[in-house]
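User: Please examine the structure shown below with me. I should like to reason through several of its features by question and answer.

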Amino acid sequence: MSGTTILKPDLGFVNEVIRSGGESLKKCYQCATCSVVCNVTPEDKPFPRKEMLQAQWGLKDQLMKNPDIWLCHQCSDCTAYCPRGAKPGEVLGAIRKMSIKEFSAPGFMAKMVGQPKFLLVLFAIPVLLLLASGAGQTPAGPVAFGKPHGFLFSMYFIDPLFTAAALFALVSLGLGVRKYWKAMAADLPADQAAKINLGAAVKETVSEILAHRRFQKCETTKGRSTAHLLVFYSFIGLFITTILAFVKVILEPNTGYLAFLGHPVQIGESAITGLTVIFKIIGNASALALIAGIFLVMTNRFKNSKKAGVGSYYDWLFITIVAGLGITGLLAELLRISNIPAAYPTYVIHLCFVFFLFAYAPFSKMAHMFYRATAMVFARATGRG
Amino acid sequence: MAQDPILVIGGGISGLTAAIEAAECGCEAVVVEKNAYLGGRVAQLNKYFPKLCPPLCGLEINYRRIKENPRLTFHTQAEVTSITASDGGYNVTIQVAPRFVNDKCVACDACAQACPSERSDDFNFGMSRTKAAYLPFDQAFPQKYVIDGASCKADCGRKCQEACKYGAIDMDMKPETLNLKVSAIVMATGWNPYDITRADNLGMGKVKNVINNMMMERLAAANGPTSGKILRPSDGKEPKKVAFVQCAGSRDENHLPYCSYICCLASLKHISYVKEQYPEAQATMFYIDVRTPGRYEKFYWKVRDMEGVTLTKGKVAKIYNAQGTDDPVVVIEDVLSGKKVEEQFDMVVLASGMEASQRTRPVPVSVSYTPEGMIIPSSLPPGIYASGTAKSPVDVAKSMQDATGIALKSIGKLLSSGGAN
Ligand SMILES: Cc1cc2nc3c(=O)[nH]c(=O)nc-3n(C[C@H](O)[C@H](O)[C@H](O)COP(=O)(O)OP(=O)(O)OC[C@H]3O[C@@H](n4cnc5c(N)ncnc54)[C@H](O)[C@@H]3O)c2cc1C
Ligand code: SF4
Ligand code: SF4
Ligand code: SF4
Ligand code: SF4
């Protein structure tokens with residue numbers, strides 16, 4: 001090495017890593033077992049040993065612009081073999097949480113999602129909004145959701161609310177991802193930056209994610225990739241369901257938005273029924289997959305807790321929200337079909353979970369999919385595999 | 001008799017030193033050793049660092065001191081089965097397994113030649129076989145053959161007995177129980193190589209030509225399974241490229257959390273064995289950091305500067321068989337260059353650590369152990385002392401120093417409870 005490198009350790013950062021679930025950070029003695037047993041890392045400048053060193057030294061900048069922290073899938077092979085119990089997998093998890101906080105705006109929201117003491121406030125927001133929209137009442141007649149003037153009387157209020165939350169999340173995530181990309185790309189030599197073939201990198205990354213190829217290389221927590229795959233595809237299924245349902249409420253001849261705005265479309269009853277059947281099938285299948293998947297996620301975590309640790313508040317908040325979402329959704333549906341009025345409050349709780357998941361997505365572990373995908377694309381584009 | 005003897009459990013270098021020192025000060029000492037020979041692990045070493053002299057020289061001197069001293073008695077193939085406090089001393093029970101060979105044996109080897117049964121040779125860590133009638137190793141003390149009751153099927157019509165011209169074989173020998181009153185007890189039960197098959201990523205027992213450091217001692221020893229020529233086990237090939245994997249099971253919470261103290265030195269010594277036999281050979285030592293305490297540093301410099309010797313910082317955490325060959329491949333992250341590297345070798349030596357033998361076979365006495373089975377000296381009852389590697393992983397010199405101090409303590413105990421003659 002030539003010249004002098006001046007390191008600027010950020011002690012506050014070190015302490016934050018420790019507080020965010022990386023308690024074991026300081027135990028690392030740099031043996032490099034972790035980088036060897038990690039099946040996911042590239043060969044050149046492998047992780048996670050170097051991240052452990054950077055974190056110990058408080059080199060926040062280097063970690064924040066590092067794609068590797070997201071290439072890690074926290075399969076915990078490193079944690080299982082680490083001779084010092086330094087739990088590199090968990091430490092990287094903590095660093096990822098901080099990376100989400102670093103890039104997702106506004107920052108105070110990230111802080112709130114990361115700390116248990118704000119949990120009640122975060123939940124209070126959707127509860128109050130829903131109550132304000134009249135969700136407290138139990139209408140007479142057979143149980144049905146979403147009637148424009150029945151329960152949740154105003155879907156004209158609820159839908160825009162959720163749309164706004166989703167848009168907010170998308171914008172925040174978009175900005176965050178852009179910031180992250182810029183941070184990563186800042187150090188790229190000009191010739192390499194010019195060579196980036198984004199299209200190809202995105203294509204390869206998508207195919208890799210769809211097949212969970214990287215995830216399947218994990219050994220210690222073998223079952224995790226199946227569990228994650230279930231949750232992942234159920235999210236896709238639920239996303240499609242939501243879009244179709246939305247299309248339906250826009251198009252419906254008498255009660256749809258277009259009709260409401262005075263531009264009813266001519267569409268046959270059978271087309272609407274067909275649409276409904278399709279999204280119900282996809283929706284129910286996805287809900288079941290979600291519940292099964294998240295249940296597997298939980299049991300895997302407990303099963304592997306000895307080798308890999310149970311995970312942090314941040315992990316469990318996300319798991320709980322997803323589990324809550326799936327269970328209340330299914331329950332509300334069953335109660336509705338059975339015409340039991342308890343369906344209403346259940347549905348309201350379900351909507352709270354939905355709100356939580358969407359509105360706070362940029363700050364919760366939900367954001368991981370966006371940042372990880374970004375890092376994977378960047379890694380591919382720059383030849384880091 | 002005015003004095004009760006000092007009991008020494010374990011006839012390794014530490015136990016022998018304690019017993020000899022005490023006996024040479026005029027005390028009675030009794031050594032109880034579970035093997036059929038004295039000397040412990042040191043007897044299995046090829047050479048001693050740092051001077052690289054043969055350990056049997058040192059042991060020979062001790063054997064002579066034992067033979068010349070009437071106050072020192074020993075029992076081999078013996079173990080202490082109970083210890084109870086009595087009158088400021090202890091009553092102990094000792095079980096002696098039958099050797100089936102008596103003192104008339106002159107070690108002529110006729111019995112072994114006649115014996116049709118075989119056993120795996122534990123002295124060589126299973127890398128060779130002996131007959132059921134055998135001498136543990138050529139310079140074993142006592143120089144008496146042993147018949148391994150478990151391997152002798154006695155269906156040969158007692159061929160050994162027929163072959164023995166000295167009437168030294170007694171197949172009717174029975175286990176013996178001895179009861180002794182002793183004034184003090186020295187626990188010098190030593191260590192075993194850590195069972196490194198428990199580190200499933202290091203390939204021991206699964207990947208060909210992965211051996212541990214004690215096997216390397218035996219491969220290099222003239223009285224070893226290859227008569228001192230270092231050959232790799234799978235095909236007897238001369239290894240010209242050898243990897244040394246440091247901290248194999250030591251400094252590792254999942255195995256032994258402590259540094260075993262001697263294994264860096266042992267590997268450096270092994271590199272010198274390899275280079276001595278194959279000057280053109282390449283040796284690479286993969287380390288977390290090289291630990292050669294005190295004056296041993298010089299030995300490290302000497303080996304480090306040899307031609308063909310590479311020291312690479314990075315712990316080996318994966319070893320597998322290169323397809324279609326008998327060669328092991330080690331995987332590391334070269335910490336200094338930040339690259340994950342795979343390298344193929346002819347043979348891999350795992351520098352496995354020292355595990356207290358008490359962990360698997362505790363002596364029946366009330367004492368606290370560290371979680372790894374090391375005796376915690378302050379927890380020992382009065383008049384019971386621990387010496388050498390039963391307490392902490394150390395080299396021979398430290399074991400002997402410790403033993404000398406412990407001998408003094410035991411003598412002190414003895415004097416306070418009756419007096420020596
Ligand atoms: C690969 C390797 C190479 C080494 N090379 C060197 C070297 O070059 N130089 C050096 O200084 N050190 C070296 N050492 C360290 C050296 O081997 C130890 O310091 C030494 O053996 C310690 O002697 P000890 O008497 O404490 O234990 P041991 O040698 O283990 O002796 C203990 C004795 O107690 C007996 N025993 C155990 N339990 C019982 C029981 N319950 N009842 C009766 N008997 C029992 C055992 O059979 C054994 O004979 C090396 C170690 C290793 C692993
Ligand atoms: S995290 Fe553990 S395995 Fe990785 S370098 Fe540190 S001590 Fe070694
Ligand atoms: S958790 Fe898994 S992917 Fe992440 S560094 Fe450890 S071994 Fe690699
Ligand atoms: S037991 Fe007899 S035959 Fe065997 S070595 Fe001793 S003396 Fe020779
Ligand atoms: S002596 Fe060397 S190889 Fe042995 S445990 Fe210590 S550092 Fe590791």
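User: How do the residues of the shell around ligand 4 divide into nonpolar, polar and charged?

Analyst: This is a predicted model, in which local features need pLDDT of at least 70, side-chain atom pairs count only at pLDDT 80 or more, and totals for chains, interfaces and linings use all residues. Residues are numbered from 1 along each chain as its sequence is written, chains are lettered from A and ligands numbered from 1 in the order written, and side-chain values use heavy atoms, without hydrogens and water. Ala, Val, Leu, Ile, Met, Phe, Trp, Tyr, Cys and Pro count as nonpolar, Asp, Glu, Lys and Arg as charged, and the others, Gly among them, as polar. On this basis the shell holds 12 nonpolar, no polar and 1 charged.

User: How many residues surround ligand 4?

Analyst: A residue counts if one of its heavy atoms lies within 4 Å of the ligand. The closest are Cys105(B), Cys108(B), Cys111(B), Tyr145(B) and Cys164(B), and the full number is 13.

User: Is Ala266(B) buried or exposed?

Analyst: Buried means under 20% relative accessible area, exposed over 50%, and partly exposed in between (1.4 Å probe, protein chains only). Ala266(B) has a relative accessible area of 7%, so Ala266(B) is buried.

User: How far apart in space are Ala266(B) and Pro50(B)?

Analyst: In sequence, Ala266(B) and Pro50(B) are separated by 216 residues. From C-alpha to C-alpha, the distance in space is 9.5 Å.
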